[in-house]
Amino acid sequence: MRTRAGEGPPIVLIAGCGLAMQFWRDVADSFAGREWLVSYDRPGIGGTPWPGTLPTLAEEQATLVALLERLGSPAVLVGHSMASFIVEAVARTRPDLVTGVVMVDGSVEWPVRPPRDGTARFAGMVGSATGSAPLGAVGSLAWHLGTWVQSTREFRNLQGGRLSQTYADPDTLAAATAESFAYDWQAWDLIELRRRAAWPDGLPTIVLTAAHEDSHLRRWTRRWVQTQARWARLLGARHQVVTDSRHLMMLDRPQVIVDAVRELCVGSSG
């Protein structure tokens, strides 16, 4: 966990599937040192050992709840991509720990049936595949290519050295792969949770949706914006479409995220 002391409620930055907390660097720098910032890596990412299993939504939820209880003050949760599953689960079950939510191009799924049960098989595949040291180079290359595809920033301008080392680590590679394998189950578990736990009335929430107008992706982008708008209505959220941004909005439009968080912080103090 990384904490920077400051004013107001803690702002907890939660990275998406397989991403290290270092991806929030530009957002953290844009806060100019006045706010209380917190970020953390999930088990296996960024130097911690991979537990050897696929992460469940309940486990990820428990990790975040423990962190929030340790902070001792209700927080603004900022969840990117798949981390939106975790943020929504915590807000529904522990609203006392949450004072606002910003979803950053969050994952949205509406499954109608549970996925196939392949947890043990997938965990074995991940463990055997990532236990090989030469695959560290593959992991480093994969994060470079993935970041390049999902961001508008020029390839040479991306933070290189430290993140390259992070994704060359076998545990990080295993954890990132395991999170992607766990995606469908976590999406299903969130659907089940929604039936048991209501979204808190009046919880200030903003849904930020990336909408980069690549010519060959315009039809997909329109569908994505519509899907995100439906989700925002479910959460009673303000929906903001962020142009000139691909999925990694924390790299492409960090100031938009900062402005959204500050909007919620002003509201919570008013």
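Let me begin with the cysteines, where Cys-17, at 27% relative accessibility, counts as partly exposed, while Cys-265, with a relative accessible area of 15%, is buried. Please keep in mind throughout that this is a predicted model. A disulfide is, in general, a covalent bond between the sulfur atoms of two cysteines, and in this model the count of disulfides comes to zero.

Turning to the interior, which holds three cavities of 30 Å³ or more, I would like to spend my time on the second largest cavity, whose volume is about 60 Å³. Which helices each supply at least two residues of its lining? They are helix H3, spanning 83-93, and helix H8, spanning 183-196, and the largest share, four residues, comes from H8. Among the lining residues you will find Ser-84, Phe-85 and Glu-88, together with Ala-187, Leu-190, Ile-191 and Arg-194, and also Trp-231. As for character, the lining divides into six nonpolar, two polar and three charged residues.

Phe-85, which I have just named in that lining, brings me to the aromatic rings, for which the count comes to one pair. The rings of Phe-85 and Tyr-183 have their centres 5.3 Å apart and their planes at 50°, so the pair is tilted. With Phe-85 in helix H3 and Tyr-183 in helix H8, 98 residues apart, the pair links distant parts of the chain. Are these two residues, Phe-85 and Tyr-183, buried or exposed? Both of them are buried.

There is also a contact between a charge and a ring, in which the charged end of Arg-230 sits over the ring of Trp-110, at 3.9 Å from its centre.

Finally, I would draw your attention to the backbone at two places. Ser-81, although it is not a glycine, has a positive phi of about 55°, and its place is in the loop between strand E4, residues 75-80, and H3, the helix that carries Phe-85. Ser-81 counts as buried because its relative accessibility is 9%, the cut-off for buried being under 20%. Asp-105 likewise has a positive phi, of about 45°, and is not a glycine; Asp-105 is found in the loop between strand E5, residues 98-104, and helix H4, residues 119-130. With a relative accessible area of 4%, Asp-105 is buried.

To go back once more to the cavity, its lining also includes Ser-107, Val-108 and Glu-109, while helices H3 and H8, each supplying at least two residues of that lining, are also the helices that hold the two rings of the tilted pair.

Terms used
Residues numbered from 1 in each chain as written. Predicted model: local features only at pLDDT ≥ 70, side-chain atom pairs only at ≥ 80, totals over all residues. Heavy atoms only, no water. Disulfide = S-S within 2.5 Å. Buried < 20%, exposed > 50% of the residue type's maximum accessible area, 1.4 Å probe, protein only. 1 Å grid on protein atoms, 1.4 Å probe; cavity = no way out; pocket = protein on both sides within 12 Å on 5 of 7 lines; lining within 4 Å. Points joined across faces, edges and corners; volume = space filled by probe spheres on them. Nonpolar A, V, L, I, M, F, W, Y, C, P; charged D, E, K, R; others polar. Phe/Tyr/Trp six-rings, centres within 6.5 Å; stacked < 30°, edge-to-face > 60°. Lys NZ or Arg CZ within 6 Å of the ring centre and 35° of its normal.
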